Amino acid sequence: MTATIVLLSGAPGSGKSTLARALQAELGWPRVERDELYAGLMAGAGLTRGDVVPRGVELFWRMTAAYADADCSVIADATLYRDQSEADVRTVLVPAGVVCNVHCRTDLALGRFATRGHGAAMEARVRGNLPRVERPLDLGVPLLEVDTTDGHDPLLADVVRWVRAQNA
């Protein structure tokens, strides 16, 4: 069976990582989280934030595709950027497996992000990028939108069923 690649997308603070961890617990699939890759590259390779972004983005796509190439379904957790991420999904992930997009949304995203203490400059950057990330991208793959304002709507069990059905 071909691997399923579940892209968890949405704005910073939209609940992507929380939902990705819940899906991982339910499905038992590995999870690739771009923010963790960034942190690892900064600590393990001594890269600055400016240097880590292009390397981290490339590593995220390669690692996600590598799981699928090994016939292993995978959950991939990242903010996807309009007019940037679409090409990577189509050229790197679509050839590797069955791709579907679970897009997280909530009006609370920016406030949630601000509570993480990244500082005013990062908050301004996130605010400026909202038009590129808060709506789902046209990836040409099945899409499920999940409202994470108060739990998950649809419920986690329904999200799991939907994910499993994508490669049935």
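## Pockets and helix packing

Helix α6 is the top contributor to the lining of the largest pocket, giving five residues. Keep in mind that this is a predicted model.

Let's stay with that pocket for a moment. The largest pocket has a volume of about 760 Å³. It is lined by 36 residues, and the ones closest to its centre are Pro12, Lys16, Asp35, Thr79 and Phe113. Which elements give two or more residues to this lining? They are α1 (16-27), α2 (34-44), α3, α4 (85-93), α5 (109-114) and α6 (120-133). Sorted by class, the lining of the largest pocket comes out as eleven nonpolar, 13 polar and twelve charged residues.

Then there's the second largest pocket, with about 190 Å³ of space. Twelve residues line it, and Arg105, Thr106, Asp107, Ala109 and Glu134 are the closest to its centre. Here β4 (98-105) and α5 each chip in at least two lining residues. α5 also turns up on the list for the largest pocket, again with two or more residues. The class split for the second largest pocket is five nonpolar, three polar and four charged residues.

Now for the way the helices pack. Two packed helices are described by the angle between their axes and the distance between the axes. Two pairs involving α3 look like this:

| Helix pair | Angle between axes | Distance between axes |
|---|---|---|
| α3 and α4 | about 30° | 10 Å |
| α2 and α3 | roughly 130° | within 9 Å |

The α3 and α4 pair packs at about 30°, and since angles under 35 degrees count as roughly parallel, α3 is roughly parallel to α4. For α2 and α3, the crossing is at roughly 130°, which makes α2 oblique to α3. As for handedness, α3 passes α4 in a right-handed crossing, and the crossing of α2 and α3 is right-handed too.

One residue of α3 is worth a stop. Gly50 sits in this helix, which covers residues 49-69. Is Gly50 buried or exposed? Its relative accessibility is 57%, and the cut-off for exposed is over 50%, so Gly50 counts as exposed. How far apart in space are Gly50 and Ile75? They are separated by 25 residues in sequence, and their C-alpha atoms are 26 Å apart.

So α3 ties several of these threads together: it holds Gly50, gives two or more residues to the lining of the largest pocket, packs against α4 with the axes 10 Å apart, and crosses α2 at roughly 130°.

Definitions and conventions
Residues numbered from 1 in each chain as written. Predicted model: local features only at pLDDT ≥ 70, side-chain atom pairs only at ≥ 80, totals over all residues. Heavy atoms only, no water. Helix = DSSP H or I, 4+ residues; strand = E, 2+ residues; numbered from the N terminus. Buried < 20%, exposed > 50% of the residue type's maximum accessible area, 1.4 Å probe, protein only. 1 Å grid on protein atoms, 1.4 Å probe; cavity = no way out; pocket = protein on both sides within 12 Å on 5 of 7 lines; lining within 4 Å. Points joined across faces, edges and corners; volume = space filled by probe spheres on them. Nonpolar A, V, L, I, M, F, W, Y, C, P; charged D, E, K, R; others polar. Axes fitted to C-alpha atoms, helices over the stretch in contact; angles between N-to-C directions. Parallel < 35°, antiparallel > 145°, perpendicular 65-115°, else oblique. Left-handed = near helix turned anticlockwise from the far one by under 90°.
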